[in-house]
Amino acid sequence: MKTLLLIAVLAAVIVLLVFLLLGIQSKSGAAPGLKGGALSQCPTSPNCACSEYPNDREHYVMPINYDPTNPAAPMEQVKAVILQMGGKLAEQTDPQTHYLAATFSSRFFRFVDDLELRYDAESKLLHIRSASRVGHSDLGVNAKRVEAIRQQLQN
């Protein structure tokens, strides 16, 4: 009985150490940025959601219909929503490209997720990509984040 308990405790410690190391690893790096004027495609792992590639059914989320009241600054409202949700702004390119990158950290282990947005003024669509930097599964966190942003912007 004591041996089983010791094995269970050791296994739990190893799992916690692995998660702590992944959390530390996720702090390095940055959002992939625009590739050919579009957000990057998601990797094969399920921990990503993106609106740029409708043929990628596993990761696809609908872009956000977005017609800001001030067309000269489409990202100002988006910035406010990101900050309200606990995100940290990482990068914003010049106003002509309408690109914004931010990061979100998980409560436990401090895993970093990248959030990227690209506003297409012509179609009035806000394309969005939310992805984990490390690991395989995110338990749907990135897709839920996209939907929360959609709800905030539509209110």
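Here is a short chat about glutamate 52 and the nonpolar cores of a predicted model.

Tutor: Local features here need pLDDT of at least 70 and side-chain atom pairs pLDDT 80 or more, while totals for chains, interfaces and linings use all residues. Numbering starts from 1 along each chain as its sequence is written, and side-chain values use heavy atoms, with hydrogens and water left out.

Student: Why is glutamate 52 called buried?

Tutor: Buried means under 20% relative accessible area, exposed over 50%, partly exposed in between (1.4 Å probe, protein chains only). Glutamate 52 has 14%, so it counts as buried.

Student: What makes the pairing of glutamate 52 and arginine 118 a polar contact?

Tutor: The rule asks for N or O atoms within 3.5 Å; within protein, one must be able to donate a hydrogen and the other to accept it, and residues adjacent in sequence count only if both atoms are side-chain atoms. These two side chains are joined at 2.7 Å, so the pair fits the cut-off. A polar atom of the glutamate 52 side chain also lies 3.3 Å from the backbone nitrogen of leucine 39.

Student: Which residues does glutamate 52 touch?

Tutor: Setting aside residues up to four places away in sequence, Ala38, Leu39, Arg118 and His127; contact means heavy atoms within 4.5 Å.

Student: And what makes a set of residues a nonpolar core?

Tutor: Its members are buried Ala, Val, Leu, Ile, Met, Phe, Trp, Tyr and Cys residues, joined through side-chain atoms within 4.5 Å. The largest has 19 residues, with Val78, Ile82 and Leu117 among those with the most contacts inside it.
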